[in-house]
Amino acid sequence: MHNELTVSAPPRLCVNFISACEKNGITPTQFVLAASIAEQTVSLFEQSRFAKKFPCSTSRFGIGQAEGSNRTPLGLHRIAEKIGAGEPVGTVFKGRKIIGHTSQPEFADAKITTRILWLEGLEPGFNRGGSVDSRARYIYIHGTADQKNIGRPDSHGCIHLADADLIPLFDLLPSGTLVWISEK
């Protein structure tokens, strides 16, 4: 008898992601980001194959689609706009405009820093349109001055990534890249 080493399988794109793409007539993009609320991680897939996993923070208020809820929305999204290319780490944004840097005392605890990937929901009535519209809710994947809380729920609806993970992803992913946000 010999001992077998148990190795966990790498994450896979879930059937719900594939189903949402088919239902909405959307072809999966070369790269896909899959955020897991339960794990507080974002996984990068290339050509549907797992590439890398990053810790993230989603909303401290939980999951939800409604405007004003400060909750992280679920479902199929895409990167609608990329903001902050080439700016120094710690650049602070308000209303998607540069207003300072985290090295300045008044911005030491800034909530939106470094880069912004602005998400657009792709599922009408669920995360697109009306009071559930992710883009109108200003749902981003972005940096934050408070990097020590990454890995546990801490945002007001957005997905926070560490600068060391966010910058290479920002540079790699084109606008239009699909983003799947799920409970698991």
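# Exercises on a predicted model

In this predicted model, both faces of strand β8 (residues 140-143) are covered. Tyr140 and His142 are buried on one side, and Ile141 and Gly143 are buried on the other.

## Exercise 1: the neighbours of β8

Task: Find which strands pair with β8, in which sense, and which residues stand opposite Ile141.

Solution.

Step 1. Start with strand β7, residues 113-121. β7 and β8 are antiparallel, with four bridges between them. Leu117 is the residue opposite Ile141 here.

Step 2. Turn to strand β9, residues 159-161. β9 and β8 run parallel and share two bridges. In β9, Ile159 is the bridge partner of Ile141.

Step 3. Put the two together. Ile141 has Leu117 opposite it and Ile159 as its partner in β9.

## Exercise 2: the whole chain

Task: Describe the order of the elements and decide how the chain compares with a globular protein of its length.

Solution.

Step 1. Count the elements. The chain has two helices and 10 strands.

Step 2. Read them from the N terminus: α-β-β-β-β-β-β-β-β-β-α-β.

Step 3. Compare the radius of gyration with the globule rule. The chain has 17 Å, and the rule gives 16 Å for 184 residues. The two values are close, so the chain is as compact as a globular protein of that length.

Step 4. Add the extent and the burial. The C-alpha trace spans about 60 × 45 × 30 Å along its principal axes. Of the 184 residues, 47% count as buried.

## Exercise 3: strand β10

Task: Work out why β10 counts as largely enclosed, and name its strand partners.

Solution.

Step 1. Check burial. Five of the five residues of β10 are buried, so the rest of the structure largely encloses this strand.

Step 2. Sort the side chains by direction. Leu178, Trp180 and Ser182 point one way, while Val179 and Ile181 point the other way. All of them are buried.

Step 3. Look at the parallel partner. β1 pairs with β10 over five bridges. Val32 stands opposite Leu178.

Step 4. Look at the antiparallel partner. Strand β4, residues 75-83, is joined to β10 by four bridges. Leu76 faces Trp180 across this pairing.

## Exercise 4: two pockets

Task: Give the volume and lining of the largest pocket, then those of the second largest pocket.

Solution.

Step 1. Take the largest pocket. It holds about 360 Å³ of space. Its lining has 21 residues, with Cys14, Ser36, Trp180, Ser182 and Lys184 nearest the centre.

Step 2. Trace that lining to the strands. β1 (31-36), β2 (41-46) and β10 (178-182) each give at least two residues. By class, the lining has 10 nonpolar, six polar and five charged residues.

Step 3. Take the second largest pocket. Its space is about 290 Å³. There are 18 lining residues, and Asn70, Tyr138, His156, Gly157 and Cys158 lie nearest the centre.

Step 4. Sort this second lining. It has five nonpolar, eight polar and five charged residues.

## Exercise 5: cysteines without a partner

Task: Explain why neither Cys14 nor Cys158 forms a disulfide.

Solution.

Step 1. Note the overall result. The structure has zero disulfides.

Step 2. Recall the cut-off. The two sulfur atoms must be within 2.5 Å.

Step 3. Test Cys14. The closest cysteine sulfur is in Cys21, 9.6 Å away, which is too far for a bond. Cys14 is partly exposed, at 29% relative accessible area.

Step 4. Test Cys158. The closest cysteine sulfur is in Cys56, 12 Å away, again too far for a bond. Cys158 is buried, at 10% relative accessibility.

## Exercise 6: two positive phi angles, and one exposed arginine

Task: Place Arg96, Tyr138 and Arg49 in the chain and class each by exposure.

Solution.

Step 1. Arg96 is in the loop between β5 (91-94) and β6 (97-101). Its phi is positive, about 65°, although Arg96 is not a glycine. With 25% relative accessible area, Arg96 is partly exposed.

Step 2. Tyr138 is in the loop between β7 and β8. Its phi is also positive, near 60°. Tyr138 is partly exposed, at 41%.

Step 3. Arg49 belongs to strand β3, residues 49-57. At 65%, Arg49 is exposed. Its C-alpha is 8.0 Å from that of Leu13, although 36 residues separate them in sequence.

Conventions:
Residues numbered from 1 in each chain as written. Predicted model: local features only at pLDDT ≥ 70, side-chain atom pairs only at ≥ 80, totals over all residues. Heavy atoms only, no water. Buried < 20%, exposed > 50% of the residue type's maximum accessible area, 1.4 Å probe, protein only. Pairing = 2+ DSSP bridges. 1 Å grid on protein atoms, 1.4 Å probe; cavity = no way out; pocket = protein on both sides within 12 Å on 5 of 7 lines; lining within 4 Å. Points joined across faces, edges and corners; volume = space filled by probe spheres on them. Nonpolar A, V, L, I, M, F, W, Y, C, P; charged D, E, K, R; others polar. Rg over C-alpha atoms; globule rule 2.2 N^0.38 Å.
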